[in-house]
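I opened this entry to look up a few things, one at a time. My notes follow in the order I took them.

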2 protein chains.
Amino acid sequence: MSAPPARAATIVDVARAAGVSRQTVTRALHDMPGINPATRERVLAAARELRYHPSRFGRGLVKPAARTLGLVVGDLANPYYGELASAVLALAAARGWHVVMAEPASAADLAAGADAVVAFTGTAFPDPAVGAPNLPVVEIDPPHPHPRRARVAFERATASAQAVDHLLARGSLRPVVLDSTTPPGGSSRAAAFVEAFRARGVEPHLAHRTSSFSQLPPGTDAVVAFNDLDGLRLLRELHEAHRAVPREVRVVGVDGLAVGEFTTPRLSTLAIDLAEVARAALDLVVELTDAAPGAPPPVRVLAHVFRAREST
Amino acid sequence: MSAPPARAATIVDVARAAGVSRQTVTRALHDMPGINPATRERVLAAARELRYHPSRFGRGLVKPAARTLGLVVGDLANPYYGELASAVLALAAARGWHVVMAEPASAADLAAGADAVVAFTGTAFPDPAVGAPNLPVVEIDPPHPHPRRARVAFERATASAQAVDHLLARGSLRPVVLDSTTPPGGSSRAAAFVEAFRARGVEPHLAHRTSSFSQLPPGTDAVVAFNDLDGLRLLRELHEAHRAVPREVRVVGVDGLAVGEFTTPRLSTLAIDLAEVARAALDLVVELTDAAPGAPPPVRVLAHVFRAREST
DNA sequence: CTGAAAGCGCTTACAG
DNA sequence: CTGAAAGCGCTTACAG
């Protein structure tokens with residue numbers, strides 16, 4: 001009967017429709033005592049009719065609101081980021097925080113909707129939009145430290161060295177390290193492996209992560225994949241090419257994906273406790289928020305662990 | 001020097017610290033024209049010193065704000081939900097919406113922070129908290145239709161029948177259907193398979209999804225797993241028990257996980273296009289919001305597809 | 001170039 | 001049991 005509303009209904013619209021004042025609407029909506037049941041029904045009916053939904057902003061301004069954390073992760077379709085996000089969600093809920101998520105492409109947009117941001121993308125988090133300086137940002141494993149952002153740094157040297165020792169001890173002397181950068185070797189995960197090989201007198205071949213095994217140098221007897229998903233792809237390719245893993249070729253992934261436990265062979269990998277990463281990130285949000293203005297941003301270092309499974 | 005602030009700094013605090021008015025602070029913060037550069041610097045410095053970050057609520061009240069979608073998914077560590085979430089995030093960003101995420105356990109809390117909710121959990125979405133009736137809710141594949149919620153329904157009968165025909169044609173006549181409910185057979189995904197088997201004169205054995213293969217009836221020659229992750233686990237167990245797949249035992253999963261392409265053997269599965277599911281859900285949010293008060297909630301039906309890979 | 005006023009939608013005291 | 005007033009933090013016209 002009524003024309004479609006140009007804007008969403010407000011509490012005043014409901015009050016007018018029900019013939020009461022705004023505070024009576026609030027009372028009805030929040031099931032507060034001291035309201036005539038008949039009045040309440042009338043208000044609720046009007047609210048339903050108008051599809052009234054209270055404005056988050058009006059309410060947030062006047063009631064202590066949940067802190068809202070912005071979370072930016074690489075790609076949720078990769079279970080690695082999914083696990084991290086899942087851990088952050090659980091921890092945030094336990095603290096009563098809300099979590100706004102965004103893909104890296106629209107990360108800058110988060111500044112408007114979050115009180116702080118945790119970013120885990122493999123690249124640098126873009127500077128927040130104009131109008132939102134001083135947004136506390138925590139980066140997980142960023143390519144470069146930032147002078148005003150807290151960060152969770154990954155320690156890879158130890159685990160990479162263990163993996164390399166493991167490979168060498170089993171006779172793999174012609175290793176390839178796969179990487180996402182051009183030229184390959186620029187990412188910290190690849191760099192840690194390259195360094196470990198060199199420290200032991202072995203010069204690994206470098207190639208892009210998208211290389212198939214057939215494109216690698218003949219004689220290749222070990223491959224360090226860029227991540228576990230790539231490692232699984234490689235395992236599949238080697239199976240189809242009738243190359244025995246680990247006898248002829250050894251494969252190491254990075255990430256510690258649970259699904260690497262269910263393949264044949266199980267994928268050896270560099271793992272990190274993502275629940276711990278999540279906890280460190282949330283702790284840093286608090287620390288950074290409370291830090292003195294000039295103080296250097298806090299840092300947490302978390303180490304990878306080499307998990308030898310069957311592919312090595 | 002100054003005592004720690006009891007509350008976050010507001011624009012008035014910054015104005016006072018810089019010795020200007022509130023609108024001058026706004027001007028400096030938003031890089032607006034018509035402000036003395038020296039004044040701007042002074043304001044920005046004060047803002048930094050006070051760690052001032054504008055309130056989302058104050059701003060949201062006065063500027064047209066992004067719509068915020070609440071998204072509740074089962075478990076992000078499962079790439080199935082991760083893929084869906086990833087698709088929703090991308091689509092939402094394209095429309096300029098924000099996305100607040102929560103785990104099912106804290107889903108009710110979303111009512112305070114979202115303008116609408118999309119829920120995909122395998123169970124019924126809890127009724128939103130008091131004070132937020134009329135919150136538009138879109139459920140994906142809910143166990144039961146809800147009188148006021150829109151929903152994306154999954155059509156499983158066709159694909160399940162195809163999978164069953166495929167199994168039967170290859171001689172698997174003693175199938176087991178695994179399920180998450182107690183007793184098993186209560187979930188819609190399991191029910192669709194059971195029905196298809198019965199329609200063809202075969203009575204499948206039912207067991208709980210956590211059953212290991214060794215606990216299934218002797219002679220079992222086909223297993224319908226509850227989901228792909230379970231299917232991969234089963235594949236691994238069969239490999240260790242030296243049972244040939246698919247020759248002795250055929251395995252079907254449900255979800256269409258990408259990782260099922262990289263295992264050996266590749267996992268046959270019932271897949272659904274999650275990008276399409278995401279699009280349907282977001283479209284329903286809009287439809288539901290615009291719908292007439294009394295109108296029945298809109299519904300979209302999306303069908304699974306049987307993807308025969310190597311495990312059958 | 002800068003400030004005083006009005007108003008966004010809500011809830012919380014306080015009157016009646 | 002119900003309503004008038006004040007105020008949360010911000011931006012947008014409008015004066016000066």
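I began with the residue classes on the surface near DNA strand D: 8 are nonpolar, 12 polar and 4 charged. I note that the model is a predicted one.

Next I asked which residues are closest to DNA strand D. In total 24 residues surround the strand. The closest are Asn36(A), Thr10(B), Ile11(B), Ser55(B) and Gly58(B). I then looked up the elements that give two or more residues to this surface. In chain A they are helix H2 (22-29) and helix H4 (56-62). In chain B they are H2 and helix H4 (56-62). H4(B) gives the most, with 4 residues.

I turned to helix H2 of chain B, residues 22-29. Which of its residues are buried? I found Thr24(B), Val25(B), Ala28(B) and Leu29(B). They cover an arc of only 135 degrees around the axis, so they sit on the same side of H2(B). I checked what the buried residues of H2(B) pack against: helix H1 (11-18) and helix H3 (37-49) of chain B. I also looked past the helix. Asp31(B) follows H2(B), and its phi is positive, near 55 degrees.

Last, I compared the two chains. A rotation of 180 degrees, with 0.0 Å of shift along its axis, superposes chain A on chain B. The RMSD is 0.0 Å. The two copies are therefore related as by a two-fold rotation axis. How do the copies meet? I found that 100% of the interface residues of chain A are also interface residues in chain B, so the copies meet through the same surface.

Definitions and conventions
Residues numbered from 1 in each chain as written. Chains lettered and ligands numbered in written order. Predicted model: local features only at pLDDT ≥ 70, side-chain atom pairs only at ≥ 80, totals over all residues. Buried ≥ 20, exposed ≤ 12 C-beta atoms within 10 Å, placed from the backbone. Arc of directions from axis to C-beta. Contact = placed C-beta atoms within 7 Å. Near = placed C-beta within 6 Å. Nonpolar A, V, L, I, M, F, W, Y, C, P; charged D, E, K, R; others polar. Least-squares fit on C-alpha atoms with pLDDT ≥ 70 in both.
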